[in-house]
Amino acid sequence: MKPALFLHIQKTAGTSVVKMCREYYGETLVSHIDYRGRKPESFEETGFVSGHFGYGFARPLMGSRYSFTFLRDPVERVLSFYYFCCRSDPDAYEIYRLTQENTINDFLDMGLDNPRVKTHIWNHQTWQLACGWGNPSQKSILDYDGEAMLGEARTHLAEFDYVGFTESFDQDIHVILNSLGISRSAKALKTNAGGPRPRKTDLSSSIRERLARLTELDQTLYDSALAGRLKRV
């Protein structure tokens, strides 16, 4: 099996990826928040490095590994994150508590200007691919101009060996596993999937308007990545 680097953006089916790969990499796999408090070079001997870190943390490890990430329809990702937080223990993380203390309208408004929420839902996919959590320079999403952040995200996304999409997960995970030297004939199953929740088409116009404002850059990034993929098919 090849050494791998998986930039796991929250609520993009990444937990399913990690679960399948753990069967093969075993103890030489790190995931989710295992990277916190450590430098990228400390994982040089780790076979499969994944986590909710951004490009700034991932970049030093990408040259010698098969690197990949997943994107998701931006509005659906925010909705999935919101309802996941609503079901989670409010004492575990502040973001869970803030979600449960506010209506969805208020929570989405906080995502535009409250740093405690903004880092989780304001153009989060673009932020993670431009720089993201865990970056050595300790940059914050608040340090970025939106258009500059989008430009960097586009450039960095092109450096990955493969970009999958949550919407085509079964197809993409088989490509990734084969590229890693893992043979798997069974259908991939998603884990950590959310329970029943409204889809964007079920929401009021005011909520849809807020979601569009929160994900404008992510939508541009997602659309361009998907268009590039379709051109290669």
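**A parallel five-stranded sheet and the loops around it**

In strand S3, the residue that serves as bridge partner of Phe6 is Ser50. This pairing belongs to a predicted model, and it offers a convenient point of entry to the sheet, since S1 and S3 are joined in the parallel sense over four bridges. In general, the strands of a sheet pair through backbone hydrogen bonds, and the pairing may be either parallel or antiparallel. In the present model the sheet is open and consists of five strands in the order S2-S3-S1-S4-S5, with parallel pairing. The edges of this sheet are formed by strand S2, residues 29–30, and by S5, each of which pairs on one side only.

Strand S3 comprises residues 48–51, from which Phe48 and Ser50 point one way while Val49 and Gly51 point the other way, and all of these residues are buried. Besides its four bridges to S1, S3 is paired with S2 in the parallel sense over two bridges. Within S3, Phe48 is the residue that stands opposite Leu29, whereas Ser50 is the bridge partner of Phe6.

At the other edge of the sheet, four bridges join strand S4, residues 66–71, to S5, and the two strands run parallel. Phe68 stands opposite Tyr162 in S5. Strand S5 covers residues 162–165, with Tyr162 and Gly164 pointing one way and Val163 and Phe165 the other way, and all are buried.

The chain as a whole contains 11 helices as well as the five strands. Its radius of gyration is 17 Å, close to the 17 Å that the globule rule gives for 233 residues, so the chain is as compact as a globular protein of that length. The C-alpha trace spans about 50 × 40 × 40 Å along its principal axes, and buried residues account for 54% of the 233 residues. Of the contacts between residues at least 6 apart in sequence, 67% join residues that are at least 24 apart. The exposed area of the chain is about 10900 Å², of which carbon and sulfur atoms supply 49%. The side chains include 29 positive and 29 negative ones, and the centres of these two sets lie 4 Å apart.

Attention then turns to the loop between strand S1, residues 4–7, and helix H1, residues 14–25, in which Lys11 is found. Ala13 lies in this loop between S1 and H1 as well. Most residues other than glycine have a negative phi. Lys11, by contrast, has a phi near 60°, a positive value in a residue other than glycine, and the phi of Ala13 is near 75°, again a positive value in a residue other than glycine. Lys11 has a relative accessible area of 12% and is therefore buried, the cut-off being under 20%. Ala13, with a relative accessible area of 16%, is likewise buried.

Two further loop residues are linked by contact. Thr215 is placed in the loop between helix H10, residues 205–214, and helix H11, residues 216–232, and with a relative accessible area of 1% this residue is buried. When residues up to four places away in sequence are not counted, Thr215 touches Pro74, Val75, Val78 and Asn123. The last of these, Asn123, lies in the loop between helix H6, residues 115–121, and helix H7, residues 124–130, and counts as buried at 1% relative accessibility. With residues up to four places away in sequence again left out, Asn123 touches Met149, Leu214, Thr215, Glu216, Leu217 and Asp218.

A partly exposed position is provided by Arg97, which has its place in helix H4, residues 94–101. At 30% relative accessibility, this residue counts as partly exposed. Arg97 touches Pro90 and Arg116, not counting residues up to four places away in sequence. Arg97 and Cys85, which are 12 residues apart in sequence, are separated in space by 7.9 Å from C-alpha to C-alpha.

Terms used: Residues numbered from 1 in each chain as written. Predicted model: local features only at pLDDT ≥ 70, side-chain atom pairs only at ≥ 80, totals over all residues. Heavy atoms only, no water. Rg over C-alpha atoms; globule rule 2.2 N^0.38 Å. Buried < 20%, exposed > 50% of the residue type's maximum accessible area, 1.4 Å probe, protein only. Contact = heavy atoms within 4.5 Å. Areas by Shrake-Rupley, 256 points an atom, 1.4 Å probe, with all protein chains shown as cover. Lys, Arg positive; Asp, Glu negative; His and termini not counted. Charge placed at Lys NZ, Arg CZ, Asp CG, Glu CD. Pairing = 2+ DSSP bridges.
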